[in-house]
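Biologist: Before we begin, please take me through the labels one at a time, setting each value against its definition.

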Amino acid sequence: MMPLKKVFFSSLALMLVVTILASIVTLTVIESNFKHNTSQSIKAVRNITHQAIVSWSQENELHIQLLAQTPEVKKLAEELLAIDRTSGNLISAPAQQSLKQFLSPVLEKHELRGYFIIDANHISIASSRISNIGSTNLIDNQSEFMKRLWQGKTVTTLPQPSDVALQDNNGVFIKNYPTMFVGTPIINAQGKIIAIFTLRIDPTKNLRKILQRGRIGDSGESYLINRQGYLLSESRFDHELIKKGLITSNNRSTFNIQAIEPKEVNASTPLTFMAEQVNQGKSGSNADGYFDYRGKKVIGSWLWDEKFQFGLATEVDYDEAYLPFSKTKQSFAIFTACAMLVFATFAWIFARIYNKMQTNKEQVKTLFDNAGDPILIVDFNSGNILSANKLSTSFFKYSDKTLVGSHVSILCNEDSHQKVLSSFATIRRCGGSLFETTYKNKFGNVIFVEVNAKLVKFNNSDVVLAIIRDISARKAAQQKLQELVSTDMLTKLGNRSSFDKQLSLMLANQEKQKKVVILMLIGIDEFRIVNDTLGHATGDIILKTIAKRIKNAIPDNAYLYRFGGDEFTVISAIPEKNEKPNLCKIIQQTMKTPITVNSNKIHLTMSIGIAFSNGKNINSSTLLQSADRALNSAKEHGRNCCQIFTEHMRYQDEQQFTILAELRNALTNNEFYLCFQPVVSVKDHQLVGAEALIRWQNPKLGFVSPETFISIAERSGAIIDIGNWVLEEVCKTYCEWQTNGFRIPSISINLSPVQLLNSDIEKVLLATLAKYRMTPDCIALEITEGVLLSEREELHQLLMELKQMGFRLYLDDFGTGYSSLSYLNKYPFDYLKMDKSFITDMEDNVKHRNLAKTVIAMANSLELAVIAEGVENQWQVDFLTKNNCQRIQGYFFGKPVKKSDFLSQWATEKII
């Protein structure tokens, strides 16, 4: 038998060896598990922080994309691009103020610093700050950012010093204050990028909060760096950086921007190990410890975001992170040294080791529970929830005991259950998935969420780490913005954008439904008078009342929209094309009852243009154009009626368009010529003057009558140049005749209302007469009766000045318009030209004879001479002579002929 002492010492030695070996193995396992769990926890915090930053950036990008797509922003940007883009023009442009009024509420609501709109030359054509308009700015220096925007992408910049002093959260202006930009292209209706729209973001608010939530422990921090290894966010250790000389107290700001260069750690490597990894675009973690930008040994996790071009690092000092494990090692040393003393000491040390391990688990759990978003760990194979942080229980209103162990379907409603199942397949295939869905809490309330799910290892099992974010507010904002984009704010009807979508949809489905689309364009007759008389506030009330009446009157299968101004549209699908749609009568009936506003009873009528789709792939633009043409026709026919579009209308428009196009070059191509018609004395039938009449012979259109092209020339403004040409030709002809020995008392020319009211006619007349050395009494000016309807004071003044200059004034076409004796008494006319409609059938029409006698007698009583137009036979000449008419013009004495023919016919005649 072995001696007891030897057995004792042998047993003691064996126990000591076993204890030491067990301690070493146990400590190694503990260290490995500690590193793994700590690394996973820091990764989780890093991922949560990264997702929060990405989501924040995506929200900003969504805001700017929705704003850039609004018709107001597009329209105002196009108006600014259309003007001469000098600083003064841009600042004073009305579109500048309209843009600011539209965007200011959005900037204030979302705490945005300002906006820019930049053209292709990198010039700021619009800005929230006047000083930036018409110049380049900070964004122009970021070529990659601008390049991606012009490629059609929506891009967010990294934090950077502002090019101007900005207010901090306390209202103090700080130079180099940090700022960020989010930009997106503005695309016109043709799909072309016309400008860049950017918003200035303050990173010191949301971004700072996100990074602060990513701090771990007393020494931990989360921060951003760029590809060159520069800090983009504030450091918790400014005092250490100043002490080491990396920054000075003078250049400290809310967000530090300086190089990470811990030279005292490794002089050959200018960047830290983590910064080198990010510099190469890599992501990873290190639980063994590495030196950070302060020269301190830390553990951490980092990633590189390729899209936004920043690195995110989550770190904690090595000493703090491994403090529990260091204490555990000390405990193991004490345990090993005292193992031979007493078993109780061994048990006490073991208990202490266990307690330290539990402390470590609690610290890891604290990181998990204090994350800024709900987090679930779900078993990939069974779908059961293995763990949930505290925020998850409050978010879903379930207790921790109920939530953990339940199947994930407890959170899904019927709509999102299938999405969750399909996302598991995507996670298996791609390793992760980011998707939007809806969850429900314990009380059945539906919540819009964004889920970032990744497949990870947890306790040697495949689990899904799901980071959940409530996006209900974002969805509500999107819905509200969509309503603003598609709704007319005054009438609450659909606006032009909604109308375009519905019309395109109905046209696309008409063949399948075997129906015809009817489009009705409704215009309120003379609505401008209501606004001018009663004010725009009353006009708005009337528009809302009309909208409500029409909406209540039309059937359910008809859609009503406010097209803009005082115009509405109705779209409906009908079985077949009707010549007189009942819908038109229904709508017009709504205006039978007057609208009462502030004791004013207002009677209004509607003009309606109607167009039908023909089932042959007609597009919405063509159909709308047809309805608009029909509406114009309804207004031309006296208003308060319906007109259906016909191809004849299109032909008329095309004909007028062709005439207008040819008219623009007619003067340059010498296509106009003059004819002259004689005016003779009733007393002895001698020549007393001539009227100059313009004619147009076009190579493409042939002869175009004045009745056709004069009105078009007046609408286009070309009549001013044409009238000046007529005056020039008449003066030239008058001088030629004088040179040839043919002296005529005067030649009359017709003045258009446009010439009288919109040109310097006095200066033109005097300059032309001076050029040909003529006196005003050589020219008579014929003015149509219609121009006098305006009763403008400046018109009266103009005619008085012309009269004083020595021009003879003829009142032309008297009796064809709204004749008024006040014209004859007020304006200084010399002759009244009685329209040929009085003369043509007065031989057979007693009323016309009496009217002619009355006009002559009235003119003579007012000391006005009368010229009768359209005289074609001897009976008419005798009648006019008998009734004291002074002058005659008509085919009986001569048709309008060219100047050479006129000269040959009348040169030998006696002139009085």
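Biologist: What makes the length of helix α16 close to the one expected?

Modeller: Helix α16, residues 496-513, is a DSSP run (H or I, at least four residues, numbered from the N terminus), and its 18 residues reach 25 Å from first C-alpha to last, close to the expected 26 Å, where the expected span is 1.5 Å times one less than the number of residues. This is a predicted model, in which local features need pLDDT of at least 70 and side-chain atom pairs 80 or more, while totals for chains, interfaces and linings use all residues. Residues are numbered from 1 along each chain as its sequence is written, and side-chain values use heavy atoms, without hydrogens and water.

Biologist: How do you know where the kink in α16 is centred?

Modeller: The bend at a residue is the angle between axes fitted to the seven residues ending there and the seven starting there, and the kink of about 30 degrees is centred on Leu507.

Biologist: Why is the pair Cys584 and Cys642 called a disulfide?

Modeller: A disulfide is a pair of cysteine sulfur atoms within 2.5 Å, and the sulfur atoms of Cys584 and Cys642 are 1.6 Å apart, so the pair qualifies. The pair links helix α19 with strand β24 (a DSSP run of E, at least two residues), and the two cysteines are 58 residues apart.

Biologist: Why is Cys584 called buried, and what is Cys642 called?

Modeller: Buried means under 20% relative accessible area, exposed over 50%, and partly exposed in between (1.4 Å probe, protein chains only); Cys584, at 4%, is therefore buried, whereas Cys642, at 25%, counts as partly exposed.
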